[in-house]
Amino acid sequence: MRIESITSAQNPKIKDLLALQEKSKERRKKGLFVVEGRRELLHCIEAGYEPYSIFFCPEIIGGKDLDEIAEAAGGCSFFEIPQHLYDKVAYRGGTEGVIAELRCKEMSLDALKLKDNPLVVVLEAVEKPGNLGAVLRSADASGVDAVIVCDPLTDMYNPNLIRSSIGAIFTVPVATASSEDTIKW
């Protein structure tokens with residue numbers, strides 16, 4: 001694992017990270033999203049999401065945890081940042097000293113792989129990321145086979161959605177489509 005050190009908030013990598021956290025337009029443009037925390041990152045990797053960059057604060061994260069992440073993440077870029085900078089880029093406290101950029105996955109109806117007689121939750125025009133995250137948590141706990149979001153009004157990689165889903169966005173198959181396409185499907 002090759003580690004680059006970043007010490008300034010003016011570094012382009014830090015500016016890009018902040019833009020991804022704040023703007024859905026940037027997430028769509030770059031095909032990347034941000035996840036905070038060791039547990040959430042490992043959920044993503046286990047679900048097949050590919051890490052692009054990992055930012056970590058050695059004052060917070062333990063060496064054993066970093067080794068586990070490095071082994072799971074493969075050959076992505078690692079950036080060491082000091083605590084004052086980590087505190088600036090971390091969206092919430094208690095994120096275990098790691099923030100990652102991951103590549104988005106396709107969320108189309110065609111990408112869903114369903115068994116015979118599946119249990120599917122269909123939602124329409126969900127506006128609030130936290131509400132969608134709560135539905136995903138419930139779907140995960142209930143053993144739902146897939147969630148289809150028709151005409152979504154929120155970005156599926158919104159940090160609030162990821163946080164409120166407690167990782168269910170990565171474990172429950174999700175597709176987005178228009179209402180019309182979903183009815184045809």
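**A helix and its neighbouring topics: aromatic rings**

Q: Just after H6, which residue takes a positive phi?
A: Helices (H or I, at least four residues) and strands (E, at least two) are DSSP runs numbered from the N terminus. In this predicted model, local features need pLDDT of at least 70, side-chain atom pairs count only at pLDDT 80 or more, and totals for chains, interfaces and linings use all residues. Residues are numbered from 1 along each chain as its sequence is written, and side-chain values use heavy atoms, leaving out hydrogens and water. With a phi of about 75°, the residue just after H6 is glycine 143.

Q: How far does H6 reach from its first C-alpha to its last?
A: Helix H6 covers residues 129–142, which is 14 residues. At 1.5 Å a residue (times one less than the number of residues), 20 Å is expected, and H6 comes close to that. From first C-alpha to last, its reach is 20 Å.

Q: Within what arc do the buried residues of H6 fall?
A: Pro129, Leu132, Gly133, Leu136 and Ala139 are the buried ones (under 20% relative accessible area, with exposed over 50% and partly exposed in between, 1.4 Å probe, protein chains only). On the other side of H6, Ala141 and Ser142 are exposed. Looking down the axis, the buried residues line one face of H6 because their directions (from the helix axis to the C-beta atoms) fall within an arc of 120°.

Q: Why is the pair of phenylalanine 33 and phenylalanine 170 stacked, and what is the angle of their planes?
A: The structure holds six aromatic pairs (Phe, Tyr or Trp rings, the last by its six-membered ring, with centres within 6.5 Å; planes under 30 degrees apart are stacked, over 60 edge-to-face, the rest tilted). In this pair the centres are 5.8 Å apart, and it is stacked because the planes lie at 20°.

Q: How many residues apart in sequence are phenylalanine 33 and phenylalanine 170?
A: Phenylalanine 33 is in strand E2 (residues 32–36), while phenylalanine 170 is in helix H8. Their pair links distant parts of the chain, and the separation is 137 residues.

Q: Which residue forms an edge-to-face pair with phenylalanine 170?
A: This partner lies in the loop between helix H3 (38–46) and strand E3 (51–56), so the pair ties together parts 121 residues apart in sequence. The ring centres are 5.2 Å apart and the planes are at 80°, so the pair is edge-to-face, and the partner is tyrosine 49.

Q: Which residue has its charged end over the ring of tyrosine 49?
A: Tyrosine 49 is buried, and ring pairs link Tyr49 into a cluster with Phe33, Tyr157 and Phe170. Sitting over the tyrosine 49 ring, 4.7 Å from its centre, is the charged end of lysine 105.

Note on methods
A charge sits over a ring if NZ of Lys or CZ of Arg is within 6 Å of the ring centre and within 35 degrees of the ring normal.
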